[in-house]
Amino acid sequence: IHDMRVSVKRLRESMRLFRKLLPTKRRQRIFPEVELLNDTLGEVRERDVLALDAEEFAHELVDDGGLLSAATGAWKLERDEAFAHLLKVWSRMTGEGFFDALEEVARRTGKRGRKANRLPVDRFAYDAIRRGMERVDTRLHPALEGDDPALLHRLRIGIKRLRYAMEPFRGFLPGLAEPYKIVSDAQELLGLTHDLDVLRERLAHHLDAVAPDRRGAAEASLGLLDRRRGERYTQSRQVITVFAEPDFTRSLLDAID
């Protein structure tokens with residue numbers, strides 16, 4: 001599920017990145033299907049991540065008051081439902097010729113003679129990566145001003161899209177190697193931070209299922225999770241400050257100039 005979702009995300013981001021090159025009507029028909037597949041995979045993957053994070057967190061606990069067992073039982077049922085829905089979506093898409101439609105988009109794109117399709121690749125890369133960096137920059141400073149999970153998550157999405165904008169061009173722009181690693185590491189750490197936010201929110205949702213006499217242990221477990229989140233926020237802030245440094249933007253654009 002994880003590998004497939006990564007692949008679908010790359011497909012989605014490639015279609016976004018090269019959208020000006022693709023035949024408009026065909027792109028508009030197939031892109032919502034790619035979005036649906038990504039979201040459906042996400043519903044399954046989120047439950048997998050919750051279960052994995054909860055299992056790792058359980059090793060730090062002496063007594064959680066039964067909070068994790070109350071939550072993981074519900075996540076298992078949700079995961080089964082989400083997976084059944086994924087199979088239906090996938091069966092419909094493949095039955096309707098999803099891959100054939102993708103190949104036709106690629107074939108027709110190769111035959112287009114529009115100005116955008118004739119751009120030198122380095123020029124296209126420069127414009128795409130610059131736009132990605134500008135998106136990160138607008139989201140960076142609000143995220144650095146506090147520890148709002150929503151702002152940090154929004155920044156993570158911006159950094160992830162910058163990473164995907166860089167990926168197609170790494171093979172012939174070797175100067176991207178170092179800034180790409182910085183971007184990739186930042187996305188990974190922000191993702192781990194976001195996972196703890198989601199785990200905290202979902203565990204708190206199941207607090208009512210804990211017996212009243214065990215509520216104190218359950219709340220103490222959430223307190224420990226809050227401390228772990230705080231540590232990860234600190235790590236994340238240390239990593240993302242590099243994006244505010246002029247040298248980083250300069251090195252990134254120099255790599256493709």
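Reader: How much space lies in the largest pocket?
Author: The model is predicted. Rolling a probe the size of a water molecule over the atoms shows where empty space is left. For the largest pocket, that space comes to about 960 Å³.

Reader: Which residues lie nearest the centre of the largest pocket?
Author: The lining of this pocket is made up of 34 residues. Helices α1 (2-17), α2 (24-58), α6 (149-166) and α7 (177-205) each supply at least two of them. Nearest the centre are Arg5, Lys9, Val49, Arg156 and Asp195.

Reader: How many residues of that lining are charged?
Author: The lining of the largest pocket divides into three classes. Nonpolar residues number 9 and polar ones 6. The charged count is 19.

Reader: Is Phe83 buried, partly exposed or exposed?
Author: Phe83 sits in helix α3, residues 67-95. Its relative accessible area is 30%. Buried means under 20%, and exposed means over 50%. Phe83 therefore counts as partly exposed.

Reader: What is the accessible area of the nonpolar surface patch that includes Phe83?
Author: Phe83 shares this patch with Ile1 and Leu87. Taken together, the three residues have an accessible area of about 230 Å².

Reader: How many helices and strands does the protein have?
Author: Read along the sequence, the pattern is α-α-α-α-α-α-α-α-α. The secondary structure comes to 9 helices and 0 strands.

Reader: What percentage of the residues count as buried?
Author: Along the principal axes, the C-alpha atoms fill a box of roughly 70 × 50 × 25 Å. The protein has 257 residues. A residue needs under 20% relative accessible area to count as buried. The buried share is 42%.

Terms used
Residues are numbered from 1 along each chain as its sequence is written. This is a predicted model: local features need pLDDT of at least 70, side-chain atom pairs count only at pLDDT 80 or more; totals for chains, interfaces and linings use all residues. Side-chain values use heavy atoms; hydrogens and water are left out. Patches are made of residues with over 30% relative accessible area and no salt bridge: like charges are joined within 9 Å, nonpolar side chains (Val, Leu, Ile, Met, Phe, Trp, Tyr) within 5 Å. Accessible areas come from the Shrake-Rupley method with a 1.4 Å probe; for residues, only the protein chains shown count as cover. A salt bridge is a side-chain nitrogen of Lys or Arg within 4 Å of a carboxyl oxygen of Asp or Glu. Helices (H or I, at least four residues) and strands (E, at least two) are DSSP runs, numbered from the N terminus. Buried means under 20% relative accessible area, exposed over 50%, partly exposed in between (1.4 Å probe, protein chains only). On a 1 Å grid over the protein atoms alone, a cavity is a set of points where a 1.4 Å probe fits but cannot get out, and a pocket is an open set with protein on both sides within 12 Å along at least five of seven lines; lining residues have an atom within 4 Å of a point. Grid points are joined across faces, edges and corners, and a volume is the space filled by probe spheres set on the points. Ala, Val, Leu, Ile, Met, Phe, Trp, Tyr, Cys and Pro count as nonpolar, Asp, Glu, Lys and Arg as charged, and the others, Gly among them, as polar.
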